[in-house]
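Work through the exercises below with the sequence and the model at hand. Each task is followed by a solution in steps.

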Amino acid sequence: MAAKSKTMQQIRNILQQKANGLSIRAIVRHSNYSRNTIRGYLRLIERSSYTLSESLKLSDEALGELLFESETPPTADPRYLHLQQKLPQYAVELKKRHVTRQLLWEEYHESHPPEGGYGYTQFCHYLNQHIANKDVSALFVHKPGAKLMVDYSGDKLGYIDRQTGEIIPCDVLVTVLPFSSYLYIEAIPDQKQEYFASSLGNTFGYLGGMPDCVVCDNMKTAVKKANRYEPAFTELIEQLSLHYKVTFMATRVRKPKDKATAETSVRVSYTRIFAKLRNLEAFSLAELNAQIREELDKLNRRNFKGRNYSRHDLFVQYEQPLLKSLPSTVFEVRKTVMAKVQRNYHVQLGEDCHLYSVPYDQVGKQVKISYTQSQVEIYADHRRIAFHARDRRRYGYSTLAAHMPENHRAIHQQKGWDGAYFLSQAASIGPHTKAAIGKILESKVFPEQTFTSCLGALRLAGKYGKDRLEKACSLLSEAPRVNYGILDNILKNNMDKKYTTGESAFKTPAHENIRGPKELF
């Protein structure tokens with residue numbers, strides 16, 4: 001009834017004028033209420049056991065019961081009971097695309113006798129009343145420093161590529177502390193895990209600490225299986241939770257009110273940050289975020305409408321002291337993949353197409369590769385068997401000598417030989433050995449051809465001792481050529497013991513059978 005929208009004071013005014021003898025037409029002229037409205041209230045009084053004078057003496061509560069409880073309750077109407085059973089279904093159908101109230105009423109009217117069903121207006125009244133009753137909002141009181149709400153904005157920002165002039169679109173992550181509405185906003189290349197983790201770490205850095213809990217929706221970055229009661233989080237979220245010592249929570253599917261503050265903050269960012277940047281140009285992601293930060297600081301320090309304090313004031317006074325301290329190390333996203341050890345005792349990290357060595361006795365086994373931006377760890381049966389610095393050379397190899405069998409290790413070592421290596425090894429034995437190795441290196445056009453001879457010569461020190469090798473090399477100081485075989489013969493035949501150090505074993509001694517001038521000898 002339209003009269004229900006009138007206040008009790010307005011109703012008393014109508015009754016008082018009628019009690020004073022005014023006609024309905026006069027009351028209409030004085031009050032500007034419709035004739036039917038005035039008649040409706042007067043009829044309700046006539047149906048009761050009270051006169052106008054007696055009804056005016058009643059309290060507002062008693063007069064309200066007299067006027068409104070005398071009406072026939074809707075629940076006594078069979079049409080109402082029939083419609084109430086269908087209203088939940090109609091409310092669901094109305095959410096579907098292209099479905100209107102007119103269409104629902106026509107379907108209702110077809111399934112109900114025309115003489116017994118409600119008309120379109122009354123049908124819409126009860127349907128809207130049902131939807132309004134189901135769509136009530138709960139009041140949430142947030143504790144300071146307890147939660148951080150996270151959401152991506154629907155709209156994107158972008159920067160200009162200097163070389164191509166192309167606008168590079170960027171996703172925008174919006175985070176907010178619901179108690180103070182203190183915001184942090186950052187543009188990121190996309191919604192991949194590493195960028196989400198980096199931006200969340202920047203959020204904690206901006207706040208100067210961490211709350212107890214982070215609330216997000218069912219974004220793929222965070223939730224791998226949505227569930228109202230026990231959502232399954234991704235491995236990234238588990239890593240973030242352990243590193244920052246915070247709890248992660250996911251909202252219910254299609255329940256944006258679970259993080260209403262984040263939704264509101266996204267709308268605020270559109271008007272206070274996106275709109276402010278509409279005419280500015282950025283030529284890198286860093287430059288774009290610098291512009292965002294400038295407007296963000298202004299927004300956080302701007303007083304709330306009609307109040308003398310800002311988001312920043314509430315944050316500093318109530319929330320910042322309650323935040324947990326930041327960890328001492330920077331978080332790195334850690335990914336895990338399984339791989340089979342190849343016959344060359346290497347496993348391939350598919351993301352980079354790079355191969356890393358493991359101990360050769362692991363060939364053919366399944367291992368787990370755990371890697372971050374800077375390092376690669378390889379595990380077999382929960383035991384770490386290899387550790388490498390991450391290398392992004394496609395189809396390259398990172399090989400540790402300790403992982404090789406003995407024969408492969410020797411070959412690998414040989415690949416790293418050069419003249420400087422053998423000279424340095426010889427110098428550690430003595431100057432004569434260094435000179436002898438130098439002669440061996442110079443004996444071939446290509447020094448690489450002499451490397452095995454140098455290696456054999458140096459290994460004689462292990463067999464006969466460094467002192468004997470050094471003395472043997474001194475005996476060859478004036479020899480026209482030096483090689484491994486000559487040194488081996490000298491040491492094998494103990495020739496180094498027959499001469500003094502520095503004496504040439506290849507200088508012909510003086511005797512009478514020598515032809516030529518004697519002064520030559």
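The exercises go from the overall form to single residues of this predicted model.

**Exercise 1. Decide whether the protein is as condensed as the globule rule gives for its 521 residues, or more spread out.**

Step 1. Count the elements: the secondary structure consists of 19 helices and 15 strands.
Step 2. Compare the radius of gyration with the rule: the value is 46 Å, whereas the rule gives 24 Å for 521 residues. The radius is well over the rule, so the protein is more spread out than a compact globule.
Step 3. Look at the extents: along the principal axes, the C-alpha trace spans about 170 × 55 × 45 Å.
Step 4. Add burial and contacts. Of the 521 residues, 39% count as buried. Among contacts with a separation of 6 or more, 58% are between residues 24 or more positions apart.

**Exercise 2. Describe the surface and the charges of the protein.**

Step 1. The accessible surface comes to about 31,500 Å², and carbon and sulfur atoms hold 50% of it.
Step 2. There are 74 positive and 55 negative charges, and their mean positions lie 1 Å apart.

**Exercise 3. Find which residues of helix α10 (residues 235–244) are buried, and what covers them.**

Step 1. The buried residues are Leu236, Ile237, Gln239, Leu240, His243 and Tyr244. Their directions cover an arc of only 160° around the axis, so they are on the same side of α10.
Step 2. The cover over these buried residues includes helix α9 (193–207) and the strands β7 (232–233) and β8 (247–250).
Step 3. Just after α10 comes Lys245, with a positive phi of about 60°.

**Exercise 4. Is Ser269 buried or exposed, and which residues does Ser269 touch?**

Step 1. Ser269 is part of helix α11 (residues 260–274).
Step 2. Its relative accessibility is 0%. The cut-off for buried is under 20%, so Ser269 counts as buried.
Step 3. Leaving out residues up to four places away in sequence, Ser269 touches Val174, Ile185 and Phe274.

**Exercise 5. Place Arg311 in its helix and list what Arg311 touches.**

Step 1. Arg311 belongs to helix α13 (residues 311–319).
Step 2. With a relative accessible area of 12%, Arg311 is buried.
Step 3. Residues up to four places away in sequence are again left out. Arg311 then touches Ser180, Ser181, Tyr182, Leu183, Val268, Leu299, Asn300, Arg302 and Phe304.
Step 4. Set a separation in sequence beside one in space: Arg311 and Ser284 are 27 residues apart in sequence, and their C-alpha atoms are 29 Å apart.

Terms used
Residues numbered from 1 in each chain as written. Predicted model: local features only at pLDDT ≥ 70, side-chain atom pairs only at ≥ 80, totals over all residues. Heavy atoms only, no water. Helix = DSSP H or I, 4+ residues; strand = E, 2+ residues; numbered from the N terminus. Rg over C-alpha atoms; globule rule 2.2 N^0.38 Å. Buried < 20%, exposed > 50% of the residue type's maximum accessible area, 1.4 Å probe, protein only. Contact = heavy atoms within 4.5 Å. Areas by Shrake-Rupley, 256 points an atom, 1.4 Å probe, with all protein chains shown as cover. Lys, Arg positive; Asp, Glu negative; His and termini not counted. Charge placed at Lys NZ, Arg CZ, Asp CG, Glu CD. Arc of directions from axis to C-beta.
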